[in-house]
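Here are some exercises to work through with the model open beside you. Try each task on your own before reading its solution.

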Amino acid sequence: MFAPTYLDHNATTPLDPRVRDAMLPYLDARFGNPSSRHEYGRQARAAVDRAREQLAVAVGAHPTEVVFTSGGSEANNLFIKGAAALMKPGLVVVGASEHPCVREPARQLERSDWRRELVPLDSQGRIRRDAFDALMEQSPRLVSVMAANNETGVLQDIESLAAQARASGAYFHTDAVQVFGKQPISFRGLGVNAMTVSSHKIHGPLGAGALVLDKRVDLAPLVAGGGQERGLRSGTENVAAIVGFGVAAEIAVAELNGWTARAGRQRDMLESALARLGARIFGAGAERLPNTVFFAFEHIDGETLVAKLDRAGFAVASGSACSSVDPRPSATLLAMGVEDEVARGAIRVSLGRDTQDEALVRFVKTLDETLQGLRTLSAVAV
């Protein structure tokens with residue numbers, strides 16, 4: 001009997017034991033408030049400052065540009081709502097494949113006389129440059145395009161998009177939660193005004209994220225009060241989680257090249273097997289993350305397949321973890337022109353540092369058997 005196999009690393013990742021060890025002192029003896037002026041507080045403050053430096057190095061930024069948050073969703077909301085609050089209403093442009101924590105705050109700006117436009121995608125999930133060009137001619141104030149899609153893994157040309165948006169006078173933000181730790185990334189090199197990253201996607205703890213922000217950009221805080229994080233995010237810092245985030249970021253960068261090569265090889269191996277089973281792989285013609293496969297089988301319901309694979313010992317997803325309660329098909333696939341029925345059957349496998357070749361072989365065998373069973377049931381029902 002095999003132990004359950006986790007193949008949903010784009011949703012979250014297991015805590016690295018090295019990260020856990022670094023966090024433990026701040027859950028025990030070093031429990032001080034970083035704002036306190038005594039030794040306990042100074043220890044906590046030094047730990048937060050060290051983590052800020054580690055993350056800044058990992059993302060190619062200056063420590064003063066790192067604003068710690070509770071996660072990626074808060075960081076995305078902080079930028080979109082915080083920037084809009086200090087501007088006259090205008091046009092906000094977001095990619096059609098954005099995570100709900102970008103799409104929703106952008107939609108909410110419409111209540112304050114903002115106009116929102118979604119940039120359409122091509123059939124591979126890439127931003128359509130003709131549409132983006134046309135929107136930039138309308139002088140938007142805010143633009144947000146994710147670096148890598150959480151479902152398809154498709155990468156966008158953020159450096160080029162950011163340069164064009166900034167030339168039009170807009171602030172440009174990228175949600176880099178999925179790309180960080182899976183591809184080299186540089187805040188300075190991308191030329192963006194703001195970038196979101198998250199701890200639990202890189203084997204760090206839940207409850208920690210960051211908005212990397214150009215200091216020339218002014219934001220109104222979502223949370224006011226104590227003045228922490230340059231006044232942009234009040235509230236006593238989650239020291240243990242922030243410490244873990246810093247260590248996880250350092251490890252992710254140090255081990256990036258080896259893991260990326262292995263994940264890419266495993267992804268190619270898995271996709272070859274899926275193709276033999278008749279899978280349709282989304283975004284296969286675009287540059288993608290090395291660990292992500294989003295696919296579907298004709299006339300097979302995705303939720304049913306996920307449930308059966310779970311019972312067979314394989315944890316996979318039918319889309320974004322944050323939209324799992326939404327019964328509608330993937331917004332990303334619909335924006336790519338995928339038919340509703342096919343989109344409803346979509347399954348995501350996302351590989352991690354601990355994913356073994358033999359586990360993928362067993363997964364494909366179990367998937368084949370499960371598909372045969374579902375098709376037999378369907379034929380009987382007809």
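**Exercise 1. Decide whether Phe294 is buried or exposed, then place it in the fold.**

Solution. Start with accessibility: Phe294 has 0% relative accessibility, so it counts as buried (buried means under 20% relative accessible area, exposed over 50%, partly exposed in between, with a 1.4 Å probe and protein chains only). Next, find its element: Phe294 sits in strand β10, residues 292–296. Helices (H or I, at least four residues) and strands (E, at least two) are DSSP runs, numbered from the N terminus. Finally, pick a distant partner: Arg115 lies 179 residues from Phe294 along the chain, and their C-alpha atoms are 32 Å apart.

Before going on, a note on the model: it is predicted, local features need pLDDT of at least 70, side-chain atom pairs count only at pLDDT 80 or more, and totals for chains, interfaces and linings use all residues. Residues are numbered from 1 along each chain as its sequence is written, and side-chain values use heavy atoms, with hydrogens and water left out.

**Exercise 2. Work out the strand order of the seven-stranded sheet and find its edges.**

Solution. First, read off the order: β2-β8-β7-β6-β5-β3-β4, an open sheet with mixed pairing. Two strands pair if DSSP finds at least two bridges between them. Then look at the ends: β2 (66–69) and β4 (115–119) each have a single partner strand, so one side of each lacks a neighbour in the sheet. Now the twist: on average, neighbouring strands are turned by 20° against each other, direction ignored. Last, add the helix: α2 (residues 39–59) packs on this sheet and touches β2, β7 (194–198) and β8 (209–213), and its direction makes about 115° with that of β2. Here contact means heavy atoms within 4.5 Å.

**Exercise 3. Describe how β3 pairs with β4, and how well β3 is covered.**

Solution. Begin with the pairing: β3 (residues 91–95) runs parallel to β4 over five bridges. Along it, Val92 stands opposite Arg116, and Gly95 stands opposite Val119. Then check the cover: five of the five residues of β3 are buried. Leu91, Val93 and Gly95 are on one side, with Val92 and Val94 on the other, so both faces are covered.

**Exercise 4. How are α5 and α6 oriented to each other, and which residues meet?**

Solution. Take the geometry first: α5 (residues 129–136) and α6 (residues 158–167) pack at about 20°, with axes 10 Å apart. Axes are lines fitted to C-alpha atoms, for helices over the stretch in contact, and angles run from 0 to 180 degrees between N-to-C directions. The two helices are therefore roughly parallel (angles under 35 degrees; over 145 is roughly antiparallel, 65 to 115 roughly perpendicular and the rest oblique). Then list the contact: Arg129, Phe132, Asp133 and Met136 of α5 meet Ser160, Leu161, Gln164 and Ala165 of α6. By class, that gives four nonpolar, two polar and two charged residues (Ala, Val, Leu, Ile, Met, Phe, Trp, Tyr, Cys and Pro count as nonpolar, Asp, Glu, Lys and Arg as charged, and the others, Gly among them, as polar).
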